[in-house]
Amino acid sequence: VARVPEIMNPTPGANGREPILADGYTSKPILIAAAAALAIFILDLALPLGVAGGEPYVALVLIGWWFPRKNGIFLLAVIASVLVVIGLFLSPSGGVPWVVLTNRAYALLAIWITAIVLWFAKQSSENLRKSQNLLIETQRLGKIGSWELDVPTGKMVWSNEVYSIFGLDPAKFGATRETFIGAIHPDDRERVAKAYETSLSDKAAYQIAHRLLLSDGQIKRAEE
């Protein structure tokens with residue numbers, strides 16, 4: 001399916017959502033980046049070259065983390081680099097020339113190292129999010145849920161599909177042993193509870209088929 005970029009009205013609609021600009025960018029991080037660039041540039045021009053080195057422009061690159069597309073990080077790095085060079089010529093004179101040039105070179109190096117590291121970090125974050133979304137969709141289609149148990153604390157974590165299978169609302173029901181046992185059919189409850197406790201004491205996996213009795217009276221067959 002081809003995606004056609006479009007420019008929407010920058011005024012928020014009736015739904016109150018943040019305005020969307022071309023290519024999926026939202027106005028908020030762009031405005032923050034613009035304000036940061038302007039503030040740092042004004043500060044850079046107000047300080048003599050012997051004092052200002054351009055390193056604060058790294059903060060501008062960091063704002064790229066909140067851009068919807070990771071290439072925005074490199075865009076901010078380019079802008080920061082240009083401002084570092086402009087500041088070299090427009091800032092009040094001062095300091096030893098070779099020290100001034102070295103400081104500006106270090107600033108450029110810091111900007112691009114930060115941009116590259118941030119780009120790979122955002123790439124990893126996007127890959128993780130895609131994997132999580134794929135897992136969620138796979139579990140939804142296969143009607144398969146997953147859960148984890150922290151044995152020392154007894155805290156459980158359920159996937160969204162477990163809540164769906166049990167007919168429970170994640171906002172109203174916590175993932176607890178009581179919720180789990182309570183959703184099992186009364187005739188199977190003791191057998192499942194025993195298998196569950198044996199698994200904990202033996203530190204071994206278990207496999208058991210049983211029925212679920214949902215709050216609306218519906219009966220489901222489950223295997224875990």
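Okay, one term before we start: two strands count as paired if DSSP finds at least two bridges between them. I'll need that for the hairpins. Also, please keep in mind that this is a predicted model.

So, the overall layout. The protein chain has 224 residues, and 32% of them count as buried. It holds 7 helices and 4 strands. Reading from the N terminus, the order goes α-α-α-α-β-β-α-α-α-β-β. If you take the contacts with a separation of 6 or more, 49% of them are between residues 24 or more positions apart.

Let's go to the helices. You describe two packed helices by the angle between their axes and the distance between those axes. For α3, which is residues 71-90, and α4, the angle is about 175° and the axes are 9 Å apart. Anything over 145 degrees counts as roughly antiparallel, so that's what we call α3 and α4. Who makes the contact? On the α3 side, residues including Phe-74, Ala-77, Val-84 and Leu-88; on the α4 side, among them, Leu-101, Ile-111, Trp-112 and Trp-119. By type, the residues of that contact split into 17 nonpolar, 3 polar and 2 charged.

That leads us to the core. In soluble globular proteins, nonpolar side chains tend to be buried together. Here, the largest nonpolar core has 21 residues, and Tyr-57, Leu-60, Val-61 and Ile-111 have the most contacts inside it. Which elements supply at least two residues each to this core? They include α1 (27-46), α2 (58-62), α3 and α4. The top contributor is α3, with 6 residues.

Have a look at Ile-111 while you're there. Setting aside neighbours within four places in sequence, Ile-111 touches Tyr-57, Val-58, Val-61, Ala-77, Ala-80, Ser-81 and Val-84. There's also a second, separate core of 20 residues, and Val-162, Ile-165, Ala-195 and Tyr-206 are among its members.

Now a quick stop at Gly-94, in the loop between α3 and α4. Gly-94 and Pro-48 are 46 residues apart in sequence, yet their C-alpha atoms are 5.4 Å apart in space. Again leaving out neighbours within four places, Gly-94 contacts Leu-49, Gly-50 and Val-100. Is Gly-94 buried, exposed or something in between? With a relative accessible area of 29%, Gly-94 is partly exposed, because partly exposed covers the range between 20% and 50%.

On to the strands. β1, at 147-150, and β2, at 155-158, run antiparallel and are joined by 4 bridges. If you want to check the register, Glu-148 has Val-157 as its bridge partner in β2, and Leu-149 has Met-156. β1 and β2 make a hairpin with 4 residues between them, and Gly-154 in the turn has a positive phi of about 75°.

In a regular strand, side chains alternate between the two faces of the sheet. On β2, the covered face has Met-156 and Trp-158, and the uncovered face has Lys-155 and Val-157. On β3, His-210 and Leu-212 point to one face and are buried, while Ala-209, Arg-211 and Leu-213 point to the other and are not.

The partner of β3 is β4, residues 219-223, paired in the antiparallel sense over 5 bridges. So what does His-210 bridge to in β4? Its bridge partner there is Ala-222. This hairpin has 5 residues between β3 and β4, and Gly-217 in the turn has a positive phi of about 90°.

Last item: two lysines with an odd backbone. Lys-143 has a positive phi of about 55° although it isn't a glycine. You'll find Lys-143 in the loop between α4 (97-142) and β1, and at 57% relative accessibility it counts as exposed. Lys-203 also has a positive phi of about 55°, again without being a glycine. Lys-203 is in the loop between α7 (186-202) and β3, and this residue is exposed too, with a relative accessible area of 77%.

That's the tour, thanks everyone.

Terms used
Residues numbered from 1 in each chain as written. Predicted model: local features only at pLDDT ≥ 70, side-chain atom pairs only at ≥ 80, totals over all residues. Heavy atoms only, no water. Buried < 20%, exposed > 50% of the residue type's maximum accessible area, 1.4 Å probe, protein only. Axes fitted to C-alpha atoms, helices over the stretch in contact; angles between N-to-C directions. Parallel < 35°, antiparallel > 145°, perpendicular 65-115°, else oblique. Contact = heavy atoms within 4.5 Å. Nonpolar A, V, L, I, M, F, W, Y, C, P; charged D, E, K, R; others polar. Core = buried A, V, L, I, M, F, W, Y, C linked by side-chain atoms within 4.5 Å.
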